[in-house]
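Colleague: I would like to go through a model with you, beginning with its aromatic rings and ending with a chain interface. Please give the general idea each time, then the case.

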Amino acid sequence: MADSSQKTLRIREFPIDENPGHTYLNHEKGILSWLFTVDHKRIGLLYLGSVILFFFVGGMLALLLRTELLTPAQSIVDADTYNQIFTLHGAIMIFLFIIPSIPAALGNFFLPMMIGAKDVAFPRLNLASWWIYIFGALFALYSIITGAVDTGWTFYTPYSTQTGTSVVSMTLAVFILGFSSILTGLNFIVTLHKLRSPGLSWSKMPLFLWSLYATAVIQILATPILAITVLLLAMERILGIGIFDPSLGGDPVLFQHFFWFYSHPAVYIMIVPAFGIISELISTYSRKTIFGYWAIALSSLAIAFIGFLVWGHHMFVSGQSELSSVVFSFLTFFVGVPTGIKIFNWVATMYKGSIDLKTPMLYALAFLFLFTIGGLTGIMIGALSINVHLHDTYYIVAHFHYVMMGGTVIAMLGGLHHWWPKMTGKMYNEFWGRITCGVIFLSFNMTFLPQFIMGSQGMPRRYFNYVDQFQGLHQFSTIGSYLLGVGFVMMAVYLLWSLFKGPKAPSNPWKARSLEWMTSSPPTHHNFEYTPVILHGPYDHHKPMKEFRMGVAEESESPDVIEIDKDPA
Amino acid sequence: MNRIIEYMLPPQRSTTASDVDSLFTFINVSGFILFMGIMITILIFVIKYRRKSEDDVTPVITHNSILEVAWTVIPIILILIVFSWGFRGYLTLTSPPANAYEIHVSAASWLWQFQYEGGGSTMNEVYVPVDRPVKFIMSSEDVIHSLAIPDFRIKMDVLPNRYTTTWFQATETGESILYCTEYCGTGHSEMLATVHVLSAEDFEEWLETGLEVDEDMPLADVGEQTFTSAGCNACHSLDGTDRVGPSLLNLFGSDRELVDGSVVVADEDYIRRSLIDPQAEVTAGYPANMPSYSGRLNERQIDGLIAFIKELQD
Amino acid sequence: MANQSVATEKKSHLQHHFVDEDQQFESSKMGMWIFLVTEVLMFGGLFVAYIIYRAWHPDLFYEAAQELDVALGATNTVVLIASSLTIALAIRAVQLDKIKAAINYMAATILLAGTFMVIKYFEYMDKFGKGIYPGESYTYDGLEHEMAANFFSIYYMMTGLHGIHVVIGMVLIGWMIIKAKKGLVHSGYYTPVENTGLFWHLVDIIWIFLFPLLYLID
């Protein structure tokens, strides 16, 4: 470019085309143009469709589990089937749904748009990551057909090396899915480093992107360890190498260390992107500058860092040394601090705001409610002496559902509603959106609050049968889960309705300030028809809207052109 | 509040339980206050600062150092309290007194066996004295199990090829439930045992007599008792339904097709061999995962089981 | 200006979403480095397993390492270091538009990699002949230690995973030769060759760690 050596940049405002005839949706036609697209937006939608499919499958399995637990003895399936169902529920929800959910679906779609790029750095690698994901999913499916897996999603040895079910194909599926996750993370890091538009310094990056950046770093650093762990596990079953199985001279606790060294950071792969969405939602619907931008941005990185040092808190009663338990417990509490900082900053953002309780904001508030409970109960089980009592009980089940579902899934739903107009160009029905949010919020609490009580009372997890005293609470929880299912059906109905019959969405229905709203809804094939130039932060609601639509002006243009320093210090 | 906490927790039946419960209560109460504080603030903000018009102008507040420091430092203080409290309790939980009464626990899929100092053992039932520290020295014969007694607030994984320990001192006599809390396969949720806490005298008396077998009991009754106490019921039904293993109904005298294709008749000797070395002759269609009862059952119990199974004909 | 004309007369490889060649090159290189980090971490898991088992059974590692042929291992080390040199020369040649020389250097690299694999093959066959198989198939009785099979399981896992990487490297270099023959890489665009070279250096470096850790224990 001719002006690349100059210190000044000529910019002007680019008005938005509210009725784009040409969008990424109709840029090319046919099923193949979707399956082999390198457009990050289409890949984002492919991922979105896939994760919703697996969420549906995992959810149906969950309802089966809850139905079985209506009575203390056998209700609808036998013990082996029950064990397979809870293993599949866990494995599908974690590896096929929640890990790719926000980053690969919403992140893929919006990360390049939010930095004003035309695409991610490696579009073909991006497509490959989706195909690898599908390939991994097929492997998982193959394992289900050939005898399923009954180890729990944690694959603890030596049970996993001795059980008669098809553990090898499931571990290979996890190995392959890990690859897909690494490629997404790699792509995001490079994109954020190299493809930001002029003026988009790190301090002007939307917080969603900071959270995706932290997530990508964890994906890069943790996933390879999972890969080698499941590879060793597969080899243990195929060749009988004795790394983990004590009957072959191995050490089962070593497996747990290896496994949690990945799987604890993986928890942050699941939740940190949710933090990013909540930051966007709260600022946008309070129409106010985010409070404590750097505190929120850096706390994501802090969580990513500390998250690598706390894996042993899954193993307080595993037989690891007492000293390690104490150290891990101590470090674990320090994850609570940056998490608390985020919550306080979000609440402070609402102070003196102009709060509009649109559906996405309701989800953000539901997130604050549920995730705070999830976080505080995390403090509870981080305490050593209580952990001994609560470990492997329903308290743990309730805790991680409050964090993963009450946190990540609720935030993802908030993000889905927030960006739905941008992705599809259609508006959903606000009334049904709010009602459904209420249904999901209440039924979620109905499902999982009783599990805290059961767990405190000592009800162990992964129990097919249980002692009679827990039946009342189990039944309450099961009814809650049915209502939760109804909530998701309602959502599917009004969202599908909006696709076909919904009114056309304006380019910026929420008056948001970040870059993805500064192009048409749905966006054009290249996101922007110009090179955007960023003058203000993504939450500068006090600056006039037109200053957010600046782009590099051509040499020949003269009116309305402003000259600015290219790299403001 | 107290009533809620009491409802949430199982009864306190060990010396260490009350400390754990106090910390549980402390975190619940302080957490609840914090939670309500946040929620009420949000509620006030949502009502007070709801959008009045599309042209609302909001102030630019980027940060506030005092607030930021406050909500960093205060949580740090709170978590340090919780950490050191939990740490102290954990030290107690992991340091059995030197004079503890020792019981060796052996876990197998899916039963618990308890061996007492003076010799003798029980299965899926454990008898312990009240007001005296009891230490479990535990190991597993196959996969990882975990021994949990909620009433005592204790839990410890039971590993193959190594020993782990846990201890408690019961404060009242009675029965408590013992769970396996590390997932171990089909019979995981059936892997329960009962803890009988006896007074010092009763315990001594039980050690003298309880381990002896009642010579007068009919053999089939001994077998029926053993069927539940040894955990056979986790995998074998009495009514013809398939569980992990074949049902015992009509078993005696039937032809058993084994995994290697050969056929044997289920006579007394076969049942005996199946108890001592279960993996040698596995019935086709069932997994080879029954633990060996060699050394776990005495002769009379084996005879009893055979007599019991003989009677199961319809 | 000279560069400009070279770039225009040979096909431009700038993808539409990059602003210029520099940005594209920097991005590719950064992506490759991140990928190498994940590779190092994956092997890192195996190294951790190695360290733990060696700490538990130092005597086993000493005894079992005597079974490995140091001469063959050392030869392989020299071979791989030489191949790192040839791939580096190949990259240099592409940067100078000496495509013919680059192709020869890359062919030499593949040849050296092949030598490595052949030597490795004979080592494996020698072990298999003695009954030293990974895991449960282990039947060798020349070692007293009851955990002997575990050492060789780790040995086979580490060298096996490394061997797979050597093969992948050979395929990649072969692909680069085809690219070079078609004239798709040149001084204006040599990113794929450079990245392949980076990958090959990693393969080399991992072996430089594996060799002393497995063969030279005393």
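Modeller: The turns below take up aromatic pairs and then the interface. This is a predicted model, in which local features need pLDDT of at least 70, side-chain atom pairs count only at pLDDT 80 or more, and totals for chains, interfaces and linings use all residues. Residues are numbered from 1 along each chain as its sequence is written, chains are lettered from A in the order in which they are written, and side-chain values use heavy atoms, without hydrogens and water.

Colleague: How is the pair A:Tyr428 and A:Tyr494 classed, and why?

Modeller: A pair of aromatic rings is described by the distance of the centres and the angle of the planes. Rings of Phe, Tyr and Trp (its six-membered ring) pair if their centres lie within 6.5 Å; planes under 30 degrees apart are stacked, over 60 edge-to-face, the rest tilted. Here the centres are 6.3 Å apart and the planes at 45 degrees, so A:Tyr428 and A:Tyr494 are tilted. Both are buried (under 20% relative accessible area, 1.4 Å probe, protein chains only; exposed is over 50%, partly exposed in between).

Colleague: Is A:Phe431 buried or exposed?

Modeller: A:Phe431 counts as exposed because its relative accessibility is 53%.

Colleague: Which residues make a salt bridge between chain A and chain B?

Modeller: A salt bridge is a side-chain nitrogen of Lys or Arg within 4 Å of a carboxyl oxygen of Asp or Glu. The count between chain A and chain B is three; one of them joins B:Glu54 and A:Arg287, at 3.5 Å from N to O.
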